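User: I'd like to learn how to read a structure like this one. Could you walk me through it?

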Amino acid sequence: MSILRQGSTLIASVHTALDDSELERFRTDLVAQIGEHRSRGVIIDVAALDVIDSFAALTLRTIAEMARLRGARTVIVGIQPEVAFTMVRLGMGTGSIPTALDLEEGLALLTGGVDDGRRRP
Amino acid sequence: MTQTTPGQHLLSELVAHLREHRTRLREEWAERIQQAHLLAAMTPQEMAAETTSVYDNYVEVLETGSVEALQHYARDLSERIIPRGVETHEVVGIVLLLRDVLARSLFEKYQRDFGLLNQVLDAYEPAANRIANTVAVSFVDERERVIRQQQDAIRELSTPVLPVRERLLILPIIGVLDSDRARQLTEQLLAGIRRHRARVVVIDITGAPDVDVAVANHLVQTVDASRLMGASVIITGLSPKIAQTLVTIGVDLSKMNTIGDLQGGLEEAERLLGYAVTKKEDATLS
Amino acid sequence: MTRPQSADGADATASAGPLQEADDLTELQAIVRRVVGARVGTHPAAEDLVQETLTRVLAAAPSVDPGLLEPYAIVTAKNLVASMWRDDARKRRNQHRAADLRVPESPEAQALLGEERSAMASALGRLDEHERALLIEHELRGTDTRTIAEEEGTTPGAVAARLSRSRARLRVEYVLGLESGDPPTDRCRPVLLALSAADRRRQRELDAATHLFSCDFCGRLSEPLLARGQRQDGVLRIPVAADPDIVKARGSARELAGRLGFSRTDLTVLATAVSELCRNIVRFAGSGELLVELLDEPRPGVRVTARDRGPGIADLEAAMRDGVSTYGGLGLGLPGVRRLMDEFAISSEQGAGTTVTITIWGKDPST
């Protein structure tokens, strides 16, 4: 996984399947950095995950909640079609965390790039 | 259990013979493949490499009696050559050719002792047939898999998901929905969202006469899964009857974006695309 | 059964087996019907016995020499008839306590379990040191054939061949141990071994067909051996004891199912369900194992059995109830897994462990 800073936004990407302890470490690292950089927004890119099970979904929700308490908004991006379908059948959502198709969409959502949809009507 | 039977003894003698004359026999085999115009799609280098591997695998099966390694190799080989149009008869043909080349060489070696020759061939034949079978079955299996993949691709192309404009998809549901079809529509819609980078999806169920509890559940799952991929869903053409079914299974209709008809749905979609970013709730999950 | 060989070996008929199958089957059916008829007459179960026999014979067909099919069909029919009489007798004995059959039978089951264990121990004891070491390395420690091959400086194919020979021997020694008696003749052991290894060449060399006819002992044992041999190939056994095993296990299940041509969605669903089950093992039992089997009837499918010897689940009903979220309720994620799968079964005993069996069938792409 990697965590990049872009202005007041943190972009965290997961590159391979993570086991539970790695997910917990990811959560700890990310939350620490949010505090450290006083970030306003967090994007978590999960495009590389071929499974998001109950624990992974819970971890994402926890991160978003802790980020919110520190004043940052979280967007989850890159959930694969099969993974999305499986998550809802399993009974998992991402709670009320905003989601977006990919990194670009996620950034647009966070920075309020309103004109994107209007550019080519 | 250490005594060896005559059959085993012969087989190991046979294996030693095939190893000793490996180069000559393999070349003879490759030549016969060429004469028979088999595997014309391969370059001479590839042919040399593959025939060597097949030869060694073949002898290993004779030696160990286990086809596991050969099976692996045959599947792997099939995967590589099927896309190049190699046919089943070619693959079976080359293995049978090898069987014959080796049988001939055994004949030459043992021709002076007919009794022994018969014994050797008795030991050789069942193993050789088993190898031919293994290779053929592996190839056919792999071919079926490829065909299945192609069918999937074709189905994908005939997807009913319609991109109306940038970032907007319509999924018109027409006809009777059963669970299987509903599942397929969902898969196609989700794939479509990614392919077209859709932000808003209009699911129009005007053309669906009836929706049972299972399908209604499915509809809700589809809405949730689309949201997880970052797309908002508008449902149009919801008949009072279907609305009732949704309420029965505990769906909170106020959390679903439902609009009477398709025209209204499209207008709402335009609005969402314009405001999608500022009105955050619309892009979030309940 | 050896037919005269054309001297140049150039006749291009591959194995004659599949083509003649239909004829063979009719012939076999007639034989089986005679055998069953002679023993049970017009008993209502006669036709069932015939069909069951044929099913078992067909399942074993790939691993036996064609010449062996007939004797194998006959011993199978005899065995089935015998076990039907046995069941009938037991039912009669237990009729007065039909209300609760399980309790009276439980000591018997216990004894059986003990017998099985000691049979396995003695079977392992009869293998030579190399065979034992290899089986332990692969089956228990989970080292793959490639790694073993590298260590021993040989090929994975050769290791696999040795493994399958060792398994075949272990199965023979195991069923012999259950019989707790030595086989009546010197030929028995080699014949059983050839059957267990599905080695048709060896079966033919030993004239196993004639032996099966004349030896009741081998007739009885041939069936469990062939039935066992069938299932070995498509089964994957994965030990689960720590976090990283969860990721590994779901990857292996996905890979195995991928061979069946499952859709991406089905693969993801399976991997997710496996992930949940493995987590429960690690969290609540510490360790356990996962068995992944490929099924082909009635259509391609995968069955996963997750079992542990952990504390068990006290209130199964509560565990299967959907919480507000999956981490509400008892937090086992089991209702979600049940929703994902086509079939779901769970059994748990406090203090003894939990077994969850899930099945997913490939979806027909033509609908």
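Analyst: Gladly, and we can begin with strands. Helices (H or I, at least four residues) and strands (E, at least two) are DSSP runs, numbered from the N terminus. Two strands pair if DSSP finds at least two bridges between them. In chain C, strand β1 (residues 235–240) and strand β2 (residues 288–295) run antiparallel and are joined by six bridges. At one point of that ladder, C:Val240 stands opposite C:Gly288.

User: Before we go on, what kind of model is this, and how are things labelled?

Analyst: This is a predicted model, where local features need pLDDT of at least 70, side-chain atom pairs count only at pLDDT 80 or more, and totals for chains, interfaces and linings use all residues. Residues are numbered from 1 along each chain as its sequence is written, while chains are lettered from A and ligands numbered from 1 in the order in which they are written.

User: Which strand does β2(C) join through eight bridges?

Analyst: That is strand β3 (residues 301–308) of chain C, again antiparallel. C:Leu294 faces C:Val302 across this pair. The two strands make a hairpin, with five residues between them.

User: How is the sheet in chain B ordered?

Analyst: It is an open sheet of five strands in the order β1-β2-β3-β4-β5, with mixed pairing. β1 (162–165) and β5 (257–259) of chain B are the edge strands, each pairing on one side only. From one strand to the next, the twist averages 30°. For angles, axes are lines fitted to C-alpha atoms, for helices over the stretch in contact, and values run from 0 to 180 degrees between N-to-C directions. Strand β4 (residues 232–236) of chain B pairs with β5(B) in the parallel sense over three bridges, and B:Thr236 has B:Ile259 as its bridge partner there.

User: Which helix packs on that sheet?

Analyst: Helix α7 (residues 179–196) of chain B does, touching β1, β2 (168–172) and β3 (200–204) of chain B. The direction of α7 makes about 165° with that of β2(B).

User: How should I read two helices packed together?

Analyst: Two packed helices are described by the angle between their axes and the distance between the axes. Here, helix α2 (residues 22–35) and helix α3 (residues 44–64) of chain B have axes that come within 10 Å and cross at roughly 120°. Angles under 35 degrees count as roughly parallel, over 145 as roughly antiparallel, 65 to 115 as roughly perpendicular and the rest as oblique, so α2(B) is oblique to α3(B). Two residues are in contact if their C-beta atoms, placed from the backbone, lie within 7 Å. Among the residues making this contact are B:Trp29 and B:Ala30 of α2(B), and B:Met47 and B:Tyr55 of α3(B).

User: What secondary structure does each chain have?

Analyst: Chain C comes to 15 helices and five strands, and chain B has ten helices and five strands. In chain B, 79% of the contacts with a separation of 6 or more are between residues 24 or more positions apart. For chain C, 64% of contacts between residues at least 6 apart join residues at least 24 apart.

User: Where in chain C is confidence lowest, and where highest?

Analyst: pLDDT is the predictor's confidence in each residue, from 0 to 100. Chain C averages 75, with 77% of its residues at 70 or more. Confidence there is lowest in helix α4 (residues 102–126), at a mean of 61, and highest in helix α13 (residues 264–285), at 93. Over residues 94–106 of chain C the pLDDT is below 50, and this stretch has three contacts beyond near neighbours in sequence. The model scores ipTM 0.90 and pTM 0.52.
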